[in-house]
Amino acid sequence: MDQLEVLIKELYTCVREDSFARLTLSKPSDKTAEVKKVIIRMTIIKDKRHFSFVYRHSTKDITKNYGVSEGSDLIVQLIQSDFEIANLFTTEKHIVVERLPGKNFKLKVQKQKTEVEATRSHDKQKKTLLSKTDYLVHLGVLNKKGNIQKDKGDKFKQINKYVEIIDGILRNNPSLAKLDPMQIVDMGSGKGYLTFALYDYLKNKLGQNVIMRGIELRPNLIDICNGIAQDVGFEQLFFEEGSIEQSDIGEVDVLIALHACDTATDDAIAKGIAANAKLIICSPCCHKQVRKDLIEDNSELSSVYQFGILKERQAEIITDTIRALILKKAGYKTNVFEFISTEHTGKNLMITAIKHDGKVDVEKIEAEIVRLKKQFGVGRHYLEEVVF
Ligand SMILES: C[S@@+](CC[C@H](N)C(=O)[O-])C[C@H]1O[C@@H](n2cnc3c(N)ncnc32)[C@H](O)[C@@H]1O
């Protein structure tokens, strides 16, 4: 068997065993050829494997997809006549074939020294903003091969969605993106999934100068997160032990509080307003305080409040409405929306608030809050007590 046949056999084997990672064809035989290189990967289209050929020209790339059999034939043809060097990467081997003068081929086979993934992009798969980098492996979202762990699909979607939302806000508010450095604090950072993801996205994908701090009650999580930040070289990401209500956050441009329990969300909002943060983002968690302090008999909604679950839901809506109104009163353009489908998490409400310098009708908003509290029998709202 000649050297080219060895390569072809390896190609068919790795296609059959689904261990094909990629193939590059370089050094065109015709030096004036428009296509300088071809990069071939495997992709899934309508549930079937296809080869995806990227034809690299000097100023553009053209992508074409072929069925496995047609693509394999085309690869062989291109190696035989159009390109002098082929590099085939499988999950186990790296094979280089070089065409020599005459019709001879030189072949070198190396064992892969590091793990190579046979990635299959999927036509139905939505593009994600997250690069699948080491921190996701350390956090247990991805396995060592870079695939999403079985029970972490929802987490991965949630992290992506969250980064997507912040990306959208930054695009629509260029003054935020110009902050240098952008100082971010994440209140109740927990295991740090979202903290790491946002830092990675801003710093490594957008090239933003970011200083980011996570504040968290549980010291073991602080140690773990600081360890991971060091391991993955996130030099301006720090985790500090502390309580949201007592932390001194200093100067902050962006304040985040995702799923901080009950009134911890209010404390976080109050800190953000006091620090004059340009952007406040929170996703409330459990809502206990307003529910506990509903004056049921006085309320127009006493018929609703006799049913526990309806009372709970109503209290949640009022709690977050008043939070949004207080943010508006403090000069923030405020938005409330569901940030991910309920199928992925029940805690899916997000409040975003962007500081503006327009006029605010404080009295009107205060009257709105008073009216709302009366109508719904809200005895007290914790945020009113800690804000300003
Ligand atoms: C449900 S977890 C959310 C973690 C993270 N923000 C996320 O969305 O993945 C809430 C975290 O907030 C922390 N936490 C709750 N109350 C806090 C407080 N008052 N001060 C600081 N951290 C608090 C908890 O220890 C927990 O780790």
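In which strand is Glu216 found? In this predicted model, Glu216 turns up in strand E10, which covers residues 210-216. To see what surrounds that strand, it helps to start with the sheet.

The sheet is an open one with 7 strands, and its order reads E11-E10-E9-E12-E13-E15-E14, with mixed pairing. Strand E11 (237-241) and strand E14 (332-338) sit at the edges; each has a single partner strand, so one side of each goes without a neighbour in the sheet. From one strand to the next, the twist averages 15 degrees. At the E14 edge, the pairing with strand E15 (residues 349-355) is antiparallel and runs over 7 bridges. Phe337 stands opposite Met350 of E15.

Two helices come up against these strands. Helix H8 (residues 264-274) packs on the sheet and touches strand E9 (182-187), strand E12 (254-258), strand E13 (279-283) and E14. The direction of H8 makes about 175 degrees with that of E13. Helix H7 (residues 219-231), for its part, lies across E10 and E11, and runs at about 165 degrees to E11.

Back to Glu216, then. Is this residue buried or exposed? With a relative accessible area of 7%, Glu216 counts as buried, because the cut-off for that label is under 20%. Leaving aside residues up to four places away in sequence, Glu216 touches Gly188, Ser189, Gly190, Leu221, Ile222, Glu240, Glu241 and Gly242. For Gly190 there is a polar detail as well: its backbone nitrogen lies 2.8 Å from a polar atom of the Glu216 side chain.

Definitions and conventions: Residues are numbered from 1 along each chain as its sequence is written. This is a predicted model: local features need pLDDT of at least 70, side-chain atom pairs count only at pLDDT 80 or more; totals for chains, interfaces and linings use all residues. Side-chain values use heavy atoms; hydrogens and water are left out. Two strands pair if DSSP finds at least two bridges between them. Helices (H or I, at least four residues) and strands (E, at least two) are DSSP runs, numbered from the N terminus. Axes are lines fitted to C-alpha atoms, for helices over the stretch in contact, and angles run from 0 to 180 degrees between N-to-C directions. Contact means heavy atoms within 4.5 Å. Buried means under 20% relative accessible area, exposed over 50%, partly exposed in between (1.4 Å probe, protein chains only). A polar contact is a pair of N or O atoms within 3.5 Å; within protein, one must be able to donate a hydrogen and the other to accept it, and residues adjacent in sequence count only if both atoms are side-chain atoms.
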